[in-house]
Amino acid sequence: MRKVAALLACLCLFWPSQASAAERGPVGWASTGPGTTGGTGGTSWTVDTRAELKEALTNRGDPTAPKVIRVVGDINGHEAEDGSLLGEQDYAPGYDLAKYMSCFGEDGSVWSDTRHDYCKQQRQLRQTGSNKEKAQIQLTVPSNTTLLGVGRDARLLGVFLTVNTGTNIIVRNLHLEAPVDHFTTWSPGDGTQGSWNARFDAMTVITGKNIWVDHCTFTDGRFPDREAPLGFHGERVQRHDGLLDIEDGSDFMTVSDSRFTDHDKAILIGSGDGRGDRDRGHLKVTFVRNLFTDIVQRAPRVRFGQVHVVNNVYRGRADGTLYALGVGVESAIFSERNVFAYRHGDPALSVADYGGEHFRDTGSWFNGRPARLNAVASGLGLTDDVAWNPADVYDYRPLTSRSAVEHHVLRHAGAGRPYA
């Protein structure tokens, strides 16, 4: 009954606009080459449990054949076969975060297996628990798939959604709540005082091509960082990684009309500064009409890619924001008519240099006034010669006024929102 009711609601209230959006197709890089049509015309699935979603992704032994998978209600990545929800102690009985931390000493500087009699055991439990959690929550989307949330409340909770060499994929109208890493790692040598490194993103794209993420909401949801346990140096333990990471030569991707909310490191494009052999010449991504609210950094941070950021809205507190657009090694970011609104902030919050050289902005606004981001970038030693223009690659029509951008994004961006 749950599936039938949801499908009726979808067909009566929501599906016509979704169909028209699908017919129009993506704007930006995902429209190039063969385009991105997902599983249109293929096998139809309707799922409301993790087991059903996993089965649908395998598509009866033919995972790359076209298929449309409709998600109804909540699907929890920790849902066991019997319907119960697994937790930390199910993955690693006896693991204890406080004990794990104590093995680094009070200042978190050096791990020792012999600092306490339980340290070796805690190290092993953390490793095995992490691998078991990954095996449980990771669901991989194969080629020629449309993954579609039904109605206004379809959610993937704690699912580590991945694309691994998949092509021609659409993910639409889903709330994606980032997984909590129960076995996050403390790295004493990362940064000046050490850093936590969580393992799981809400969605990761690895060597994927022609992918369209549309009308989705990415968030930490029920488990915000501010409620995490205290770790070293009075800082909270970092239990989340990214919301959406795009790596290892992925290409021709569009993220449109989506929301990214209440998170630290939101979007990373590129596998690492030293991974040019994988990423150089790839990582072509368009971000169009998205809403970023209370994102600390990486919205996105880019290495190597040709990235078009157009008609997005950025909102938050200046004292809670490091930067929006991160210009990494060999990247070429073309920013166009974006709206930045950071109370008591200045345009320097909009762009930061992380080893890059090329950044260009056209017509963006900061707190209601022209942002003049090219001058900001020049002060960072960046040049506005990005050596490419989106208009030479694909057709698009940007909104040209600040009010039009804000009106559209605030009304339409995110899962469950009306389609334009």
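**Figure 1. Burial of Arg 50 and its salt bridge with Glu 81.** In this predicted model, Arg 50 has a relative accessibility of 4% and therefore counts as buried, the cut-off being under 20%. Its salt-bridge partner is Glu 81, with the closest N and O atoms 3.9 Å apart. The two residues belong to distant parts of the chain: Arg 50 is in helix α2 (residues 50-58), whereas Glu 81 is in the loop between β3 (74-76) and α3 (88-91), 31 residues apart. Glu 81 has a relative accessibility of 68% and so counts as exposed, for which the cut-off is over 50%. The view thus pairs a buried Arg 50 with an exposed Glu 81.

**Figure 2. The salt bridge between Arg 289 and Asp 257.** The closest N and O atoms of Arg 289 and Asp 257 are 2.7 Å apart, and the two residues form a salt bridge. Arg 289 lies in the loop between β19 (285-288) and β20 (291-297), and Asp 257 in the loop between β16 (251-256) and β17 (259-265), so the pair ties together parts that are 32 residues apart in sequence. Both partners, Arg 289 and Asp 257, are buried. Both also appear in Figure 5, since Asp 257 and Arg 289 are among the lining residues nearest the centre of the second largest pocket.

**Figure 3. The salt bridge between Asp 319 and Arg 317.** The side chains of Asp 319 and Arg 317 meet in a salt bridge with an N to O distance of 2.4 Å. Asp 319 and Arg 317 are both exposed. Side chains of opposite charge can pair when their charged atoms come close. The structure as a whole holds 12 salt bridges, including those of Arg 50 with Glu 81 and Arg 289 with Asp 257.

**Figure 4. The largest pocket and its lining.** The space in the largest pocket amounts to about 900 Å³. Its lining comprises 30 residues, and those closest to the pocket centre are Asp 225, Glu 235, Arg 236, Gln 238 and Asp 264. At least two lining residues come from each of β11 (195-197), β17, β20 and β23 (313-317). Strand β17 makes the greatest contribution to this lining, with 4 residues. Sorted by class, the lining of the largest pocket has 12 polar, 11 charged and 7 nonpolar residues.

**Figure 5. The second largest pocket and its lining.** This pocket has a volume of about 450 Å³. There are 25 residues in the lining of the second largest pocket, and nearest its centre lie Arg 24, Gly 25, Val 27, Asp 257 and Arg 289. Two or more lining residues are given by each of α1 (2-24), β13 (209-214) and α8 (402-412). By class, the lining of the second largest pocket has 12 nonpolar, 7 polar and 6 charged residues.

**Figure 6. The chain that frames the close-up views.** The secondary structure of the chain comprises 8 helices and 30 strands. The C-alpha trace spans about 65 × 55 × 40 Å along its principal axes. The radius of gyration of the chain is 21 Å, which agrees with the value near 22 Å that a compact globule of 420 residues would have. Of the 420 residues, 55% count as buried. Among contacts between residues at least 6 apart in sequence, 74% join residues at least 24 apart.

Key. Residues are numbered from 1 along each chain as its sequence is written. This is a predicted model: local features need pLDDT of at least 70, side-chain atom pairs count only at pLDDT 80 or more; totals for chains, interfaces and linings use all residues. Side-chain values use heavy atoms; hydrogens and water are left out. A salt bridge is a side-chain nitrogen of Lys or Arg within 4 Å of a carboxyl oxygen of Asp or Glu. Buried means under 20% relative accessible area, exposed over 50%, partly exposed in between (1.4 Å probe, protein chains only). On a 1 Å grid over the protein atoms alone, a cavity is a set of points where a 1.4 Å probe fits but cannot get out, and a pocket is an open set with protein on both sides within 12 Å along at least five of seven lines; lining residues have an atom within 4 Å of a point. Grid points are joined across faces, edges and corners, and a volume is the space filled by probe spheres set on the points. Ala, Val, Leu, Ile, Met, Phe, Trp, Tyr, Cys and Pro count as nonpolar, Asp, Glu, Lys and Arg as charged, and the others, Gly among them, as polar. The radius of gyration is taken over C-alpha atoms; the globule rule is 2.2 Å times the number of residues to the power 0.38. Contact means heavy atoms within 4.5 Å.
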